[in-house]
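Reader: Hi! Could you walk me through this one? I'd like to start with how the elements are named.

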Amino acid sequence: MSSSSSSKKLHVYGGKASFMTWRLHDVLYVAKHHWIPCVFAMGFLFFGSVEFTLGMVPSSSPPFDVGFVTTRSLHLLLASKPKLNTFLAGFNTVFVGMQITYILWTWLVEGRPRATISALFMCTCRGILGYSTQLPLPQGFLGSGADFPVGNVSFFLFFSGHVAGCAIASLDMRRMQRWEMAWTFDALNVLQALRLLGTRGHYTIDLAVGVGAGFLFDSLAGKYEESKRSKAPTPNGTKEAFFL
């Protein structure tokens, strides 16, 4: 930044840096009306101190995962009852099929491609990241031939496509004010995440990033749609089939 532009900004504040104009009532106002950034500021300070004082996990030890600790009882239950594990895996596969069906329906039937574009972005990025860093299966993994993808095939751990796909579908439902469907998908997504932790099918970070990925790629798909949307017919008189 040039010195002239810096001096112009300082001139706006009467020749003082912004923080030098703060008063007690300004701080109280921020704490009252902008409490969310304040909470994150405290989180930054807290986890900064935790990160620099916490002992590192040795390379010879399995990763520490708070989700695995929380779902230890569920893991033991599923390990002792293979039929229950298979049933829940099959139910989860049906749920994934519901996600795929809804996302394709919005494009092929309703003519709204945003969710489909978002899912394509997400799956491609997941493939790149999953291949780039191929994490080992967590200890105690409880596989099932009924789980998606069906047949005990290999899969990328980072990040969870199950969770990301559900988030994409739920966001589209909210856009269309299908509130009951959205809340149902959200509830099933939470149960799905608990099952994945209980079976050691994903690390906690895989699931958390999956949620974030759903929001990120939904936003990117929206921006892409806006940049490509054409309200007029194409030169040959046909309507664009994908970008409506």
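Author: Happy to. Helices here are DSSP runs of H or I with at least four residues, numbered from the N terminus. With that naming, F159 sits in the loop between α7 and α8. Keep in mind that this is a predicted model.

Reader: Good to know. What is notable about the peptide bond from F158 to F159?

Author: That bond is cis, with omega near 0°. In general, most peptide bonds are trans.

Reader: Nice catch. Stepping back, how many helices and strands are there in the protein chain?

Author: The protein chain has 10 helices and 0 strands. Of its 244 residues, 30% count as buried. Taking contacts between residues at least 6 apart in sequence, 75% join residues at least 24 apart.

Reader: And the surface?

Author: The accessible surface of the protein chain is about 16,000 Å², and 70% of that belongs to carbon and sulfur atoms. There is also a nonpolar surface patch of about 570 Å², made by I100, L104, W105, L108, V109 and F148.

Reader: Where does F148 lie, and is it buried, partly exposed or exposed?

Author: F148 lies in the loop between α7 and α8. Its relative accessibility is 36%, so F148 counts as partly exposed; the range for that class runs between 20% and 50%.

Reader: Let's turn to α8. Why call it largely enclosed by the rest of the structure?

Author: Because 12 of its 15 residues are buried. Among them are H162, C166, L171 and D172.

Reader: Which helices do those buried residues pack against?

Author: The buried residues of α8 pack against α6 (82-108), α7 (114-132), α9 (179-198) and α10 (204-228).

Reader: Does its length make sense? What span should α8 have?

Author: At 1.5 Å a residue, the 15 residues of α8 (residues 161-175) should span 21 Å, and the end C-alpha atoms are 21 Å apart, which agrees.

Reader: Lovely. What happens at the start of α8, and what follows α8?

Author: At the start, a side-chain oxygen of S160 comes to within 3.5 Å of the backbone nitrogen of H162. After α8 comes Q177, with a positive phi near 60°. Most residues other than glycine have a negative phi. Q177 is in the loop between α8 and α9, and at 57% relative accessibility it counts as exposed.

Reader: How about R200: what is its phi, and is it buried or exposed?

Author: R200 also has a positive phi, near 60°, and is not a glycine. R200 lies in the loop between α9 and α10 and, at 6% relative accessibility, counts as buried.

Notes
Residues numbered from 1 in each chain as written. Predicted model: local features only at pLDDT ≥ 70, side-chain atom pairs only at ≥ 80, totals over all residues. Heavy atoms only, no water. Helix = DSSP H or I, 4+ residues; strand = E, 2+ residues; numbered from the N terminus. Expected span 1.5 Å × (residues − 1). Buried < 20%, exposed > 50% of the residue type's maximum accessible area, 1.4 Å probe, protein only. Contact = heavy atoms within 4.5 Å. Polar contact = N/O pair within 3.5 Å; in protein donor to acceptor, adjacent residues only side chain to side chain. Patch = residues over 30% accessible without salt bridge, like charges linked within 9 Å, V, L, I, M, F, W, Y side chains within 5 Å. Areas by Shrake-Rupley, 256 points an atom, 1.4 Å probe, with all protein chains shown as cover. Salt bridge = Lys/Arg side-chain N within 4 Å of Asp/Glu carboxyl O.
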